[in-house]
Amino acid sequence: MTNAENGKPEEAGGRVETAVEGGAAGAASGAPRLVGLASRGPFFLTGFVFASYFVQIPLWKSDFGLSDGELGMLLMLPIVTGLLAMQATGGLVARFGSSPVVRASALALPLSLVLFVPAGRSGSVVWFGLALAVFGAADGVIDVSMNSHAIAVEKTTGRHIMNSCHAAWSIGSASGSLLGGAAIKAGLSVTAHYEVVGAVMVALALAAGRQLLPASADRTGRRTAAGGERTSRSSTWTGWSPRLLLLGATGTVVLVCSGVVGNWGGIYLHDGLGSSLATASLAYVAFSACEAGGRLVGDRLHGRYGARTLVTRSGAVAVGGLAVVVLAPGAAIAVAGFALLGLGLSVLVPVIFSTVGHGGEDMGTASTADALAKINTMTYSGLLIGPVLVGWCASGLGLRTTLGGLLILLAATLTAGLRRV
């Protein structure tokens, strides 16, 4: 919940819950902007490292002589290990606090790229699979912990930062893609590329890690009568409140739409509307640019208008944008529709995450990290599965009709789900 007048995160009863001990409040009050800036570092790092991984996948396929099916099976490994790691991260954050987990995983993620180097040198598919599994697990841990830390910063400082954190991920992803493409074009080896990325990102992780909140900011482990530490946890299958389920379903549909643009937007322009390949690439460019731009101003809009007004208007823009795409007679209008869709969707997931993080007992989980782990699992699954389901439907119904069905689903989900923000 938010206070639309002062723009500060708010808990039940109208007060900001700092959830800090000792030095946490002092650290935040002394340099809130520095803490907020450092909190964006892991998001930028994650986007950059993931883009660096993605750009080299075609080379891995060629070097290992993999078929499309074999590569697809291998690429399921980081998805599975990532989802499993997300389930464990809630307990880690509750026991140790989010900042130590962020620091460790922010180092582990870029360092896991190093495992791909001996895999390429040896030509071992088994080693390649191991590298993929470790990489996915590191991503799962940092995904939950960095969002948990962002929530702790919002509670401690009274400043909205979630949108700008997700904007940092988008900027990192764009930067990693551009520099990765430049490295490939320059003939830089995978070893050299990953060594450079690893060194720079480790330096960023160390610099940002020193400015994060202390572990006491959101550590929820409690002392038992025997003097030992006991951590509150909810399992993967319990602790699902109706509000959490509805917000999770809404975030899932939002990320399904995002994934569909990346996977099918260009195909829709080229095959459905007869555009050139160059024009077809503008679908994702327009979408991602407007998504990043919306997130850069999202925190200010959140503070000025409040969560409910922001998501209602943004949701309307998103539905309108997708409607333009579906009804577009030509590529230029469809590109404009994709831009509107990116602008409308931009703030929805960050605000949903922020709502879950500040929701307290309404979410039905033992801790903020548990709630974020659950919603991460739902939305992440939607991002991965959505484009596949759209492909199946499009093969029988056609892509325009399938996108029309997605438009109805988006409108219905946002109408129901955003009322709970």
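# Structure briefing

Ser288 counts as partly exposed because its relative accessible area is 24%, a class that lies between buried (under 20%) and exposed (over 50%), judged with a 1.4 Å probe and with protein chains only. This residue belongs to a predicted model, in which local features need pLDDT of at least 70 and side-chain atom pairs count only at pLDDT 80 or more, while totals for chains, interfaces and linings use all residues. Residues are numbered from 1 along each chain as its sequence is written, and side-chain values use heavy atoms, with hydrogens and water left out.

**The protein as a whole**

- The secondary structure of the protein comes to 18 helices and two strands, these being DSSP runs numbered from the N terminus (helices are H or I with at least four residues, strands are E with at least two).
- Of the 421 residues in the protein, 52% are buried.
- Among contacts with a separation of 6 or more, 83% join residues that are 24 or more positions apart, where a contact means heavy atoms within 4.5 Å.
- The accessible surface comes to about 17500 Å², and carbon and sulfur atoms account for 66% of that area; the areas come from the Shrake-Rupley method with a 1.4 Å probe, and for residues only the protein chains shown count as cover.

**Helix H13 and its salt bridge**

- The structure holds one salt bridge, a term that asks for a side-chain nitrogen of Lys or Arg within 4 Å of a carboxyl oxygen of Asp or Glu.
- The partners in this salt bridge are Glu291 and Arg295, whose closest N and O atoms are 3.6 Å apart.
- Both partners lie in helix H13 (residues 282–305), and because they are four residues apart there, about one helical turn separates them.
- Glu291 counts as buried at 11% relative accessibility, and Arg295 is likewise buried, with a relative accessible area of 8%.
- Ser288, the residue named at the start, also lies in helix H13, and its C-alpha atom is separated by 7.8 Å from that of Ala339, although the two residues are 51 apart along the chain.

**Ser170 beside the salt bridge**

- Ser170 has its place in helix H9 (residues 162–185), and at 11% relative accessibility Ser170 counts as buried.
- If residues up to four places away in sequence are not counted, Ser170 touches Glu291, Ala292 and Arg295, two of which, Glu291 and Arg295, form the salt bridge.
- Ser170 and Phe44 are 126 residues apart in sequence, yet their C-alpha atoms are 7.4 Å apart in space.

**Nonpolar patch and charge over a ring**

- Ile171, Leu296, Val297, Leu301 and Tyr305 make a nonpolar surface patch of about 380 Å²; patches are made of residues with over 30% relative accessible area and no salt bridge, with like charges joined within 9 Å and nonpolar side chains (Val, Leu, Ile, Met, Phe, Trp, Tyr) within 5 Å.
- Helix H13 gives the most to this patch, with four residues.
- Val297, one of the patch residues, lies in helix H13 and counts as partly exposed at 34% relative accessibility.
- Tyr305 has Arg313 lying over its face, at 5.5 Å from the ring centre, which meets the rule that NZ of Lys or CZ of Arg is within 6 Å of the ring centre and within 35 degrees of the ring normal.

**Aromatic rings**

- A search of the whole structure finds 16 aromatic pairs, where rings of Phe, Tyr and Trp (its six-membered ring) pair if their centres lie within 6.5 Å, and planes under 30 degrees apart count as stacked, over 60 as edge-to-face and the rest as tilted.
- The pair of Tyr53 and Phe54 is tilted, because the ring centres are 5.2 Å apart and the planes stand at 45°.
- Tyr53 counts as buried at 3% relative accessibility, whereas Phe54 counts as partly exposed at 48%.
- Tyr53 also forms a tilted pair with Phe135, the ring centres being 4.6 Å apart and the planes at 35°.
- Tyr53 lies in helix H2 (residues 32–55) and Phe135 in helix H8 (residues 125–157), so this pair ties together parts that are 82 residues apart in sequence.
- Ring pairs link Phe50, Tyr53, Phe54, Trp60, Phe64, Phe116, Phe128, Phe135 and Tyr194 into a cluster.

**Gly266 in helix H11**

- Gly266 lies in helix H11 (residues 242–272) and counts as partly exposed at 22% relative accessibility.
- Leaving aside neighbours within four places in sequence, Gly266 is in contact with Val261, Ala280 and Ala283.
- Gly266 and Ser276 are 10 residues apart in sequence, and their C-alpha atoms are 9.7 Å apart in space.
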